[in-house]
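Trainee: I should like to learn how to read the features of a protein model. May we begin with the surroundings of a single residue?

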Amino acid sequence: MRFEISKVLDAIEGRVCTDPSLARAVLDLAEIIRYQDIDGGRPASLLRLGMVIDALSREMEEDSVQVYAVVHRALLSDADLTSNERMVVRRWADDGLVEVLDNPGDRMLEVADLLGVPVLTRVRFDGLRGRFPWLVEQPGRVVAPVPGAGGPVFIAHVGGGHAPVAGKRSPTGAKLLARQWRCPESGCALFGGGGGGGAFADLAGGADRSPAAQPPPSLRNGVPTCPRHGARLGDAGPRPRTEVLAVRVGGLVRRRFVLSEEQPVVAGRAPEQEGGIMLGQWLNDEARRWISRGHVHFELRVGEVIVTDISTNGSGIRPGGSMTESDRIPLAPQQSRVLGENDMIELYPGVQIGRAEELPTGAPFTPTSVMAEAPTMAMRLPRP
Ligand SMILES: [Zn+2]
């Protein structure tokens with residue numbers, strides 16, 4: 001039982017991040033884990049995070065969606081969690097996968113504002129409507145996870161919209177996310193290391209974090225500040241440019257990944273390269289035979305996405321996302337091409353990669369549950 005739960009928590013771990021390009025919603029972990037009405041279980045349970053992530057995945061019609069979690073520091077020693085759950089949350093904190101704060105205050109709304117992502121909360125922030133006009137102007141930017149048949153569903157705080165709706169990065173967010181930042185506190189998991197720091201950069205937490213994946217700073221009196229340490233952040237130069245790409249297999253978006261100027265990415269059946277995007281688990285036998293271990297190489301150069309076929313069998317380009325066979329342009333092994341705004345590269349029929357905004361799920365959606373490994377006892381849901 002314990003082992004099974006550990007596997008679920010591992011699966012959930014892959015769905016929490018503070019990467020501004022990948023987080024699709026923001027939530028307060030201390031709040032979510034206490035939604036006892038969702039499963040009628042213990043006062044606090046980390047599995048509820050998985051249930052809410054599943055609900056988000058269903059709403060966004062996309063697999064592997066990730067969430068930005070702010071975590072009150074008291075949660076790291078919350079006696080309502082099991083010791084295993086506390087250990088897991090501490091690990092997430094150490095790895096910078098979640099943002100730990102002494103007092104979260106309105107940080108959740110600030111993150112939502114800077115990144116343009118929806119907020120998943122039951123709390124009403126009526127007093128902050130002046131500061132964050134989208135709280136009233138954009139229904140769907142704040143939605144409450146509530147019990148539903150077969151798992152949580154979302155209801156809007158304002159207006160009629162029920163589904164969580166993304167906005168745009170605020171102008172301040174765009175400005176802050178154009179730079180990389182350095183926290184003076186040694187071992188800062190959020191703003192340490194990455195980006196070629198000082199002598200001890202490799203000892204600091206988050207040293208292997210790409211500067212392109214740094215979370216948004218907190219603004220205090222107009223000064224970029226580390227939300228964890230309250231320290232003023234140093235400007236460490238421009239942040240590398242990024243493009244968010246998505247993998248679609250069988251009409252369903254399976255995952256997103258970030259391509260940055262500093263880090264090319266290889267996608268294929270089972271790439272050997274570090275940071276490679278493995279597609280094998282979504283492929284049928286024929287596709288698995290066709291697609292090479294490392295099949296296509298992506299590079300971001302002066303704002304252009306350049307794709308190079310590095311496979312044995314070749315690929316094809318679908319210009320403008322056209323699914324008409326006569327439009328498909330073959331891409332022979334070793335050939336390169338600039339990927340146009342709406343273009344997709346097709347590794348095998350039905351296996352496509354393109355810019356995330358241009359690649360919606362195009363088929364009836366059956367998401368893979370992050371809770372798939374959950375023992376039935378923990379998963380007992382209220383009857384519809
Ligand atoms: Zn810090």
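Mentor: Let us start with Ala 246. Apart from its neighbours within four places in sequence, Ala 246 is in contact with Val 253, Arg 255, Arg 256, Gln 352, Ile 353, Gly 354, Ala 356 and Leu 359. Please keep in mind throughout that this is a predicted model.

Trainee: In which strand is Ala 246 found, and is Ala 246 buried or exposed?

Mentor: Ala 246 belongs to strand β11, residues 242–249. Its relative accessible area is 1%, so Ala 246 is buried.

Trainee: How far apart are Ala 246 and Arg 256 in sequence and in space?

Mentor: The two are separated by 10 residues in sequence and by 4.2 Å in space, C-alpha to C-alpha. Set beside that the pair Met 87 and Ser 77, also 10 residues apart in sequence, with a C-alpha to C-alpha distance of 9.1 Å. Met 87 is part of helix α4, residues 83–94, and counts as partly exposed because its relative accessibility is 46%.

Trainee: What do the totals for the chain say about contacts and burial?

Mentor: Of the contacts with a separation of 6 or more, 63% are between residues 24 or more positions apart. Buried residues account for 52% of the 384 residues. The accessible surface is about 16900 Å², and carbon and sulfur atoms contribute 51% of that area. As for secondary structure, the chain has 8 helices and 21 strands.

Trainee: How should a metal site be read, and which residues are the donors of the zinc ion?

Mentor: One examines the donors, their distances and the angles between them. For four tetrahedral donors the ideal angle at a metal is 109.5 degrees. Here the protein donors are Cys 183 (SG), Cys 188 (SG), Cys 226 (SG) and His 229 (ND1), at 2.1 to 2.4 Å from the zinc ion. The 4 donor atoms subtend angles of 106 to 116 degrees, and the arrangement is therefore tetrahedral.

Trainee: What spacing do the donors follow along the chain?

Mentor: The spacing is C-x4-C-x37-C-x2-H. Distant parts of the chain are linked by the pair Cys 188 and Cys 226, which are 38 residues apart. Cys 188 lies in the loop between β7 (179–182) and β8 (218–220), while Cys 226 lies in the loop between β9 (223–225) and β10 (234–238). Both Cys 188 and Cys 226 are buried.

Trainee: How is a sheet described, and what is the order of the open sheet of 5 strands?

Mentor: One gives the order of the strands, the sense of their pairing and the edges. In this sheet the order is β14-β13-β15-β16-β19, and the pairing is mixed. At the edges are β14 (277–278) and β19 (336–338), each of which pairs on one side only. Strand β16, residues 304–309, runs antiparallel to β19 and is joined to it by 3 bridges. Within that pairing, Val 307 has Arg 337 in β19 as its bridge partner.

Trainee: How many residues of strand β20 are buried, and which strands pair with β20?

Mentor: Strand β20, residues 344–348, is largely enclosed by the rest of the structure, because 5 of its 5 residues are buried. It pairs in the antiparallel sense with β17 (residues 315–318) over 3 bridges, and with β21 (residues 351–355), also antiparallel, over 4 bridges. The bridge partner of Gly 316 is Glu 346 in β20, and that of Met 344 is Gly 354 in β21. β20 and β21 make a hairpin with 2 residues between them, and Gly 350 in the turn has a positive phi of about 90 degrees.

Trainee: Is helix α5 mostly covered or mostly exposed?

Mentor: Helix α5, residues 107–115, is mostly covered, with 9 of its 9 residues buried. Among them are Arg 107, Glu 110 and Asp 113. Just after α5, Gly 116 adopts a positive phi of about 80 degrees.

Trainee: Finally, how is an aromatic pair read?

Mentor: A pair of aromatic rings is described by the distance of the centres and the angle of the planes. The structure holds 3 aromatic pairs. One of them, Phe 132 with Trp 134, is tilted, with 5.6 Å centre to centre and 45 degrees between the planes. Phe 132 counts as buried because its relative accessibility is 2%, and Trp 134, with a relative accessible area of 6%, is buried too.

Technical notes. Residues are numbered from 1 along each chain as its sequence is written. This is a predicted model: local features need pLDDT of at least 70, side-chain atom pairs count only at pLDDT 80 or more; totals for chains, interfaces and linings use all residues. Side-chain values use heavy atoms; hydrogens and water are left out. Donors are N, O and S atoms within 2.8 Å of the metal (3.2 Å for Na, K and Ca); water is not among the atoms, so sites may look incomplete. Four donors count as tetrahedral if all angles lie between 85 and 135 degrees; four count as square planar and six as octahedral if opposite donors are over 155 degrees apart and all others between 65 and 115; anything else is irregular. Buried means under 20% relative accessible area, exposed over 50%, partly exposed in between (1.4 Å probe, protein chains only). Contact means heavy atoms within 4.5 Å. Accessible areas come from the Shrake-Rupley method with a 1.4 Å probe; for residues, only the protein chains shown count as cover. Two strands pair if DSSP finds at least two bridges between them. Rings of Phe, Tyr and Trp (its six-membered ring) pair if their centres lie within 6.5 Å; planes under 30 degrees apart count as stacked, over 60 as edge-to-face and the rest as tilted.
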